[in-house]
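Biologist: I should like to learn how the features of a structural model are read. May we work through one example together?

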Amino acid sequence: MTNRSSGGRGRGGLRRLLPGSGGLRVLRLAALAIVLIIAAAVVTVTVQWRGAPSRDDLLEQAGLTGKKHLVIGVKNDHPGMALLNPDTKVYEGFDIDISYMIAADLGFLHDQVEFVAIETEDRARRQARRSDGTFVTVDLVIATYSITPEREKQPGVSFSAPYLRTEQTIMTRKGEYLDAQSVADFQDKVVCTTATSTNESVAAKAGVLLTSRNSARNCVDGLRDGTFEAVASDAAILAGFVHKESELFELHDIGLAEDELYGVNTGENSALTALVNLSLYESLHDPNDRTWEEAFETHLNPAQKSAGLQQIAIAEQPCVPKVAVREWPWEERELLPTDHCPL
Amino acid sequence: MADHREGGGNQWLLAALPGFPLALLILRLWYLGRQDLPTMLVLVQSVSPLGLISTLIITLIWGIPVVILVGRALGALIRASVEDGSDSWVVRVSTRIPLWTVVLAVVTAALVWQLRFLPALSMLVLSIVGLEVRARRGDRPVLVRHVCVTLPLTVAAVALFWFGPAVIDAFTQGEALLGLTILLPLVLAPLLNGPIPARTARPVAHVTGIAGALLAPLLISASFLNAPVLPTVALEIGDPQDRTGPTVLIGQVISVDDTMTTMIDSHGDVQFVPNAQLRSKTLCPGSRQPPYSSVEVRGWHVERTLLSWMAPSKPYTPVDSRCLGRRTTGTPS
């Protein structure tokens with residue numbers, strides 16, 4: 001009763017305060033309607049909207065939660081890039097360090113990473129052969145695998161952002177072909193390249209007598225024993241062989257403008273692609289993370305000294321598009337733009 | 001006499017009130033057991049009621065102020081807008097909410113509501129205060145003007161100064177709804193503390209009240225069903241003589257006794273692990289999802305509550321390898 005009577009006084013008071021307040025009442029009703037609509041929208045969006053995935057969501061979607069080992073297909077005969085050291089039986093090289101970096105970001109410890117040698121032509125299928133002879137479908141292919149539009153259309157291929165930029169070059173025995181400056185200088189010569197590599201098409205167009213082997217090592221062996229006159233491949237690959245046997249081989253800058261951008265094949269696993277890109281993005285923009293730079297310094301810089309005028313790879317990590325993930329603010333790494341890549 | 005009958009007729013509501021949390025707790029265990037009755041019975045046998053109730057309170061405490069403050073505001077709106085609103089159930093309910101409950105609800109909301117909803121809280125408080133002052137002290141126009149005009153404008157000005165950068169960030173980062181959630185309550189608060197057209201007051205309040213009453217149990221259930229009620233752990237299991245190394249089992253621990261550790265895995269299967277096979281175990285981080293927005297208000301993330309901001313939190317540590325289903329031996333890569 002008290003409320004009712006006081007409410008009556010209130011309304012009388014209001015009328016005295018705001019004579020002719022009918023318009024104001026309608027305005028208040030409109031404001032109330034807006035608030036209710038926004039409230040309904042907030043409730044709907046909060047319940048329905050999932051936003052960007054979190055790191056855990058991506059790990060779950062990629063099938064990595066509960067996975068005991070990460071199997072990575074790598075080259076085993078590319079000095080500098082990925083080589084199975086015959087003495088220690090340990091893989092070493094730029095690709096190996098990048099593999100460990102990505103594996104660590106995916107939550108795998110050092111001994112939970114299994115490297116399996118993969119042939120050039122098997123990289124799209126992700127089929128690698130273990131030392132016991134069994135074939136295995138690897139989770140990732142990190143094996144000097146250049147990103148091309150044709151490869152991206154192949155079934156089973158899904159590339160991450162690039163992690164290394166190199167170019168094609170030609171390797172010959174030292175002292176021969178001193179004037180060679182283009183692929184055309186090797187016209188009618190027997191040039192070896194690896195099967196299904198991007199170098200095949202470039203050499204074929206120039207009219208060289210192209211032959212292919214399933215590994216760069218076989219091409220180099222053939223060059224050494226005189227079977228081939230030259231080997232066409234990526235500078236980052238051949239530089240390792242030149243560095244190892246600099247008294248036997250040399251590189252020729254053949255003036256090709258096209259980049260070879262190495263990417264990671266994640267096998268149409270979009271969540272895994274996002275996680276690999278996230279790892280590369282953080283490596284690029286985290287000033288405290290020197291893994292990429294140290295890998296380049298350790299494995300590619302020494303080879304550059306033996307490569308003469310031929311630049312074997314660009315000493316800057318290529319730009320990586322930003323990956324949207326939800327993170328706790330206190331878990332976010334402090335990332336900065338680099339000279340060549342914005343955040 | 002009529003009041004007495006009405007009060008007596010509503011006694012069942014009071015009796016049914018504890019039934020809802022109880023139903024929620026049972027539903028949660030049923031959900032955890034993947035709808036399997038024997039699993040649910042194992043859970044009922046072992047799960048601590050105190051643990052369940054703690055989870056219920058922590059998860060749903062935000063909802064209580066919503067009910068109290070919105071109910072009170074809607075009732076006050078009808079009373080301010082119509083000549084006699086006593087026949088409205090919204091008014092009857094709201095007038096039974098004592099002032100101290102409203103104050104407690106405001107304090108609770110200020111502590112447990114996310115920062116992005118604090119402008120909405122201030123709007124609700126200003127509306128309730130404004131409508132109450134109009135109802136109780138409407139014959140004092142100066143007081144009404146100060147409470148219904150000066151106060152909301154001052155609060156809006158101060159809050160806009162504080163929230164302004166976050167609102168701009170929200171709109172520039174494509175989070176328009178977040179921007180509106182912060183901005184609109186502050187801008188519209190001065191308009192929401194007076195009467196609306198009399199013939200619309202009851203329908204607006206009743207429809208809002210009914211929609212809220214229907215939706216609230218659904219939202220509360222959905223929120224609680226995803227809340228963890230048991231600790232998630234990872235166990236390394238294996239025979240010490242086995243050279244293949246241990247396997248890792250991740251799940252929620254139901255009970256531990258002298259001989260067995262009983263846990264339920266992510267598929268809802270109950271696993272009985274002999275303690276002799278346990279090599280190690282670790283507590284895994286909770287399943288709380290990271291925030292959806294990246295907007296901050298002067299260093300305070302919009303999805304954090306005042307309570308979590310003030311309370312000590314666990315420093316960030318990398319997730320234990322065992323919580324990803326992998327054993328721990330080895331060196332970090």
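Modeller: We shall take confidence, a sheet, a helix and some backbone angles in turn.

Biologist: What should be considered before any detail is read?

Modeller: The first point is that this is a predicted model. For the complex, the predictor gives an ipTM of 0.75 and a pTM of 0.70. Chain A has a mean pLDDT of 82, and 87% of its residues reach 70 or more. In chain B the mean pLDDT is 82, with 88% of the residues at 70 or more.

Biologist: Where does pLDDT stay under 50 in chain A and in chain B?

Modeller: In chain A, pLDDT stays under 50 over residues 1-20, for which the model has 32 contacts beyond four places in sequence. In chain B, this holds over residues 1-7, for which the model has zero contacts beyond four places in sequence. Among the elements of chain B, helix H1 (residues 2-9) has the lowest mean pLDDT, 48, while helix H8 (residues 99-112) has the highest, 92.

Biologist: How many helices and strands are there in chain B?

Modeller: Chain B has 13 helices and seven strands. Of its 333 residues, 33% are buried. Of the contacts in chain B between residues at least 6 apart in sequence, 67% join residues at least 24 apart.

Biologist: How is a sheet read, and what is the order of the strands in the sheet of chain B?

Modeller: In general, strands of a sheet pair through backbone hydrogen bonds, in either a parallel or an antiparallel manner. In chain B, five strands form an open sheet in the order E4-E3-E2-E1-E5, and the pairing is antiparallel. E4 and strand E5 (278-283) of chain B stand at the edges with a single partner strand each, so one side of each is left without a neighbour in the sheet. On average, neighbouring strands of this sheet are turned by 45 degrees against each other, direction ignored.

Biologist: Which helix packs on the sheet?

Modeller: Helix H4 (residues 37-46) of chain B packs on the sheet and touches E2, E3 and E4 of chain B. The direction of this helix makes about 60 degrees with that of E2(B).

Biologist: Which residues stand opposite one another in the paired strands?

Modeller: We may follow the pairs one by one. Strand E2 (residues 247-256) and strand E3 (residues 260-265) of chain B pair antiparallel over five bridges, and B:Val253 stands opposite B:Met263 in E3(B). A hairpin of three residues joins E2(B) to E3(B). E3(B) is also joined by five bridges to strand E4 (residues 270-274) of chain B, again antiparallel, with B:Phe272 in E4(B) as the bridge partner of B:Thr262. The hairpin formed by E3(B) and E4(B) has four residues between the strands, and B:Gly268 in the turn has a positive phi of about 85 degrees. Elsewhere in the sheet, strand E1 (residues 232-237) of chain B and E5(B) run antiparallel, joined by five bridges; there B:Glu236 stands opposite B:Ser280 in E5(B).

Biologist: Let us turn to a helix. Why is H4(A) described as largely enclosed by the rest of the structure?

Modeller: Nine of the twelve residues of H4(A) are buried, so this helix is largely enclosed by the rest of the structure. Among the buried residues are A:Phe94, A:Ile98, A:Tyr100 and A:Met101. The buried residues pack against strand E1 (70-74), E3, E4, strand E5 (113-117), helix H9 (270-285) and helix H10 (291-306) of chain A.

Biologist: What does the span of H4(A) come to?

Modeller: Helix H4 (residues 94-105) of chain A reaches 17 Å from its first C-alpha to its last, close to the 16 Å expected at 1.5 Å a residue. After H4(A) comes A:Gly107, with a positive phi near 95 degrees.

Biologist: How should a positive phi be read?

Modeller: Most residues other than glycine have a negative phi. A:Lys89 is not a glycine, yet its phi is positive, near 60 degrees. A:Thr144, also not a glycine, has a positive phi of about 45 degrees.

Biologist: Where do A:Lys89 and A:Thr144 lie, and is each buried or exposed?

Modeller: A:Lys89 lies in the loop between strand E3 (82-84) and strand E4 (91-92) of chain A. With 8 other C-beta atoms within 10 Å, A:Lys89 is exposed. A:Thr144 is in the loop between strand E8 (140-141) and helix H5 (149-153) of chain A. A:Thr144 is buried, with 26 other C-beta atoms within 10 Å.

Conventions: Residues numbered from 1 in each chain as written. Chains lettered and ligands numbered in written order. Predicted model: local features only at pLDDT ≥ 70, side-chain atom pairs only at ≥ 80, totals over all residues. Pairing = 2+ DSSP bridges. Helix = DSSP H or I, 4+ residues; strand = E, 2+ residues; numbered from the N terminus. Buried ≥ 20, exposed ≤ 12 C-beta atoms within 10 Å, placed from the backbone. Contact = placed C-beta atoms within 7 Å. pLDDT = per-residue confidence, 0-100. Axes fitted to C-alpha atoms, helices over the stretch in contact; angles between N-to-C directions. Expected span 1.5 Å × (residues − 1).
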